[in-house]
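Work through the exercises below with the sequence and the coordinates open. Try each task before reading its solution.

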Amino acid sequence: MTGTTDKLRSLFLAALMVTSVVAMGVSLSGAAAAQTANDDILQFDEELSSASDNIESIDAYQDQEDGTVTQQIGFTVNLDGADSATFTVDTSDAEDAGLELDNAALVQATGDGEVNDFDDDEVEFTVTESGEAELQLQWDTTDAESEASATHEFEQVDGDYSANVEYRILTDVREGAVISADQTNEDLTVYRGETLRFVTDEDTDGDTSIQIYERDTDDGNNRGTSVRSLDAGNLDEALDYDTSGLDSGESYVVSIGGDGTNEVDPLRVTGLDLTANASDTSITESDEIEAQVSAAASSTDITYRLLDSDGDVVESDGEDQEFTTTLDGTGEAEVSFPAAEDEDYGTGNYTIEVEHDDTGIVTETDTIEVSEAGDEEVTFAGDGFVTEEIGDVARIPVEFSNTDEATLLIGSEDQNYIANVHVEDGDDDGEATVLFNSYAAGASDVSSDVIATAMDSDDDVSLEQQSGDFTEDNTDPSDDLLAVADYDMNVTAGAYQLGDEDRDEYSDPDAVGGLSLQERSTGTLSIWTAPSGDDFSDVDAADIHARIGSNLTQTNEVAQEDYAIHAIEVSGIEGVLNASGGSDQASSLINEANDDNSQFEFTLEEGDPGPNADPDNVDNLLDASELIPDPANNTYFLAVDTDEIQLNGNDLEDGDELTANFSIDEDDSQLSDDDESMENSYEIVERDATLNDGDDVTVRAQAGQQVTGETSVAPGTEVTVRMRSTDTDEPFQLTPETEVTENGTFTVEGDFSDVNPDTNFTAQARINGDSIGDSIDGQVTEAAGANVTFSDQESDGSTVTVDSADLGAGGFIAIHADNASGSVVGVSDYLESGSQEDVEVTLDEELNESATLVAMPHMDTNGNEEFDFNGSDTDAPYTEDGEPVTDSAEVTVGDAGGNETTETPTEGTPTPTETETATPTETATPGNGGDETPTETTTGEGPGFTAVLALVALVAAALLAVRRDN
């Protein structure tokens, strides 16, 4: 297995490592040749510090494998007659950088030199022969710090030799993440966390300084606070830098060189936002291990690998579970590994690690716990018995446990029909519902998915086989129907065929049940109507039921242009509809071609053709219709747009009568042995509306003025009443809107408070921008006035009394808390217009303390004698000069009077220097069966006065207790 350290390799490879080799006692000369184990990985520069004929060459290079780095420092040495030379290497600097020395070895071309001892701080080795020698230091980089650097100091135990070797380790970086010291003013964007490489194409003398600054857009040179300083040494080749320390979404200025003349401005850092989320963190061995990956970089490659609890890449059949895929155009991908039961790995904890190939950025899922799979088992939901009418589609629910495949058998040899159905839980929710078409069952000349299919598109259901005498010579669904009977059902985990030798389908299923096919029936046909502006092209049965009572109303009259909804109550036709093109296709119900093979037929025709004449069918019925099936209730809603159909080549007119008919012909259908028919008639009426019973209307110059009307159009239709001035010197126009109610009436409210009295106007109902019905005349009269008197009073807290009120148009008196804008805390009963005296108002909640209340008269604008004010114009307050009419009162709760008392100090209690004035107040003492015992509390000026006195009393009592104890 590949080690955990693969994940941290990029950290170490981005680091600067400097190694100094000091060979004491020997003078060095010449320049050593640079050698690399992998030119793509290693680049280094070498420089000898002194000259000597005794060492002919020195080199240093590295090997990298499995997350470890081996430093190999080789040299040719002349001991000048000595038997050996012993050296120590101080490696403590490397330990501080997070490196761990796994091994140290010395190799000589001749001689028996060896490493005597090593630990994380020091290595000791002995050279026994002149000639070539190589010191090998193998480092574990698991805990290496980002940008770690290390200098190893060599010292001969007895001697004086020195040399320097410097090299750098480089990783593969994205082409767009390189900064050259020889280029300036580059605009560069990198992902936070990827490695940024600094390079130069020419030799540089001395140290190269690299500075990274925040980008200050308010400063001319754009250099803000320094955030990172890198010592690149002699930057002849390259230096890698991990950008994890920079902030995503920020821009920076990079300066290269001691004089700071070479700049990159700006360096933009953006977030890759690489995430990997496990589809499920608790699965069994039978489940695939899956995750969803997302990143800001689309259409780029990622590598994903399965890691065990130790962080090692999992193997299966000797191969690492590591694969590569490409993010789609939105930066997303789904990754998965086979179920553990099919591979060499088993139960345990796993994670999926994802690496973005271009940047080397890595992320990991949460822990995925794989547990042992239980026994595979499938069963029927509920009691396993399904009842349906013959010809309909039966819904058979299957539940799964520790498997996602099942074999469903419907029927038996004794029943002369068997259907073998494969069922697969495609979305792993533990359930799938099979739709079994009892009308098409047994036929061979239809698609198998007509007979059996999945209710949920995420699941998969396929008819594998049909057998039995019933299937012989049964090619078309209309040839014959399954008999009314109870059919056996069973279900078994796994996928099997009836002929499998290792499977007895009848004696050992996981669960048994039954399908009861009963006689079908024909019910009634009712007529409903809906507004012309509705759309039935994309609705279902739930939408239809939701509209009932609002914009779907049963009727025997349908206004021109509105929808006529034909509710056909019949069972046993769902299978026919599905087999003939779909249960929501009107063409499956309307047989305009007079096809003799049709199992049933819906017609819409002239209701009263006159004597000695056959009724004509309406024209264009199919194009004007939408079918909404509700098979759960054996009802099919056919919505017909009456504006799109014609009768005798003409648009429908007021008074036209239509007859809807649904029929089953025994000679043409297998559904019934008798002719069956149901019909209903309805009349087309003119689109009309009447305002205020056709009479002139009078409104007051104030808000909340209502105009009522009635109409023939469908309830739920939106109606606008346009009220427009006829006086050129007082122009105004109001267009309040409302919906037609279930009984065909409507009411709009207008705000005439800005209209002068005696202004005349007309009112016209409009629907969809068209005028409907006749207009009426109207006039604005003086606003109804009001006054109210509300005096200060005492109360038990449950009611208050308004002294008097005069309401010009009747209404209510609302009691507000604190001020006119306060919440309503009580409302009077309805008050007739005129003067009222001593109006008692019950408060919503009893007052428990004295308060300021405000009385405000409200007009009953909608005339229902119910207080409906909610901040709108309905039942709005009476006003004067644009402000609500009000009066306020101070309401005192309980006994607010009493005499001032002077407290006499108790004997032994410290006496205050000043006598405090107290006002007794009654408070209730609980626990006495509801009796209230008056207790005297001391009050004073300023908030918290009582609490202060209580505190003083407590302190005094404490002092007294101390005195008594002493």
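The exercises concern a predicted model, and they go from the whole chain to single strands and one loop residue.

**Exercise 1. The chain as a whole**

Task: Find how many helices and strands the protein chain has, and describe its burial and contacts.

Solution:
- Step 1. The secondary structure comprises 6 helices and 73 strands.
- Step 2. The chain has 966 residues, of which 44% count as buried.
- Step 3. The exposed area is about 47,100 Å², with carbon and sulfur atoms supplying 36% of it.
- Step 4. Take the contacts between residues at least 6 apart in sequence: 67% of these join residues at least 24 apart.

**Exercise 2. Strand β34 and its partners**

Task: Determine which strands pair with β34 and in what sense, and name the bridge partners of threonine 407.

Solution:
- Step 1. β34 spans residues 405-412, and 7 of its 8 residues are buried.
- Step 2. β34 runs antiparallel to β35 (residues 417-424), with 8 bridges joining the two.
- Step 3. The hairpin of β34 and β35 has 4 residues between the strands, and asparagine 416 has a positive phi near 65° there.
- Step 4. β34 also pairs with β39 (residues 485-493), over 5 bridges and again in the antiparallel sense.
- Step 5. Threonine 407 has histidine 422 as its bridge partner in β35 and threonine 492 as its bridge partner in β39.

**Exercise 3. Two partners for one leucine**

Task: Examine β19 and state which residues of β13 and β18 are bridged to leucine 267.

Solution:
- Step 1. β13 (residues 188-191) and β19 (residues 262-270) run parallel and are joined by 4 bridges.
- Step 2. Within that pair, leucine 188 is bridged to leucine 267.
- Step 3. β18 (residues 251-256) is antiparallel to β19, with 5 bridges between them.
- Step 4. Here tyrosine 252 is bridged to leucine 267.

**Exercise 4. Two open sheets**

Task: Give the strand order of the open sheet of 5 strands and of the open sheet of 4 strands, then identify the edges of each.

Solution:
- Step 1. The sheet of 5 strands is ordered β63-β71-β68-β65-β66, with mixed pairing.
- Step 2. Its edges are β63 (793-795) and β66 (824-827); each has a single partner strand, so one side of each lacks a neighbour in the sheet.
- Step 3. From one strand to the next, the twist averages 35°.
- Step 4. The partner of β66 is β65 (residues 811-817), in the antiparallel sense over 3 bridges, and alanine 814 is bridged to valine 827.
- Step 5. The sheet of 4 strands is ordered β43-β51-β50-β45, and its pairing is mixed.
- Step 6. β43 (557-559) and β45 (601-606) are its edge strands, each pairing on one side only.
- Step 7. The twist in this sheet averages 30° from one strand to the next.
- Step 8. β43 pairs with β51 (residues 676-685) in the parallel sense over 3 bridges, and alanine 559 stands opposite valine 685.

**Exercise 5. A loop aspartate**

Task: Locate aspartate 308 and decide whether it is buried or exposed.

Solution:
- Step 1. Aspartate 308 lies in the loop between β23 (301-307) and β24 (315-316).
- Step 2. The cut-off for a buried residue is under 20% relative accessible area.
- Step 3. Aspartate 308 counts as buried because its relative accessibility is 16%.
- Step 4. The side chain of aspartate 308 reaches the backbone nitrogen of aspartate 310 at 2.9 Å.

Methods. Residues numbered from 1 in each chain as written. Predicted model: local features only at pLDDT ≥ 70, side-chain atom pairs only at ≥ 80, totals over all residues. Heavy atoms only, no water. Buried < 20%, exposed > 50% of the residue type's maximum accessible area, 1.4 Å probe, protein only. Pairing = 2+ DSSP bridges. Contact = heavy atoms within 4.5 Å. Areas by Shrake-Rupley, 256 points an atom, 1.4 Å probe, with all protein chains shown as cover. Polar contact = N/O pair within 3.5 Å; in protein donor to acceptor, adjacent residues only side chain to side chain. Axes fitted to C-alpha atoms, helices over the stretch in contact; angles between N-to-C directions.
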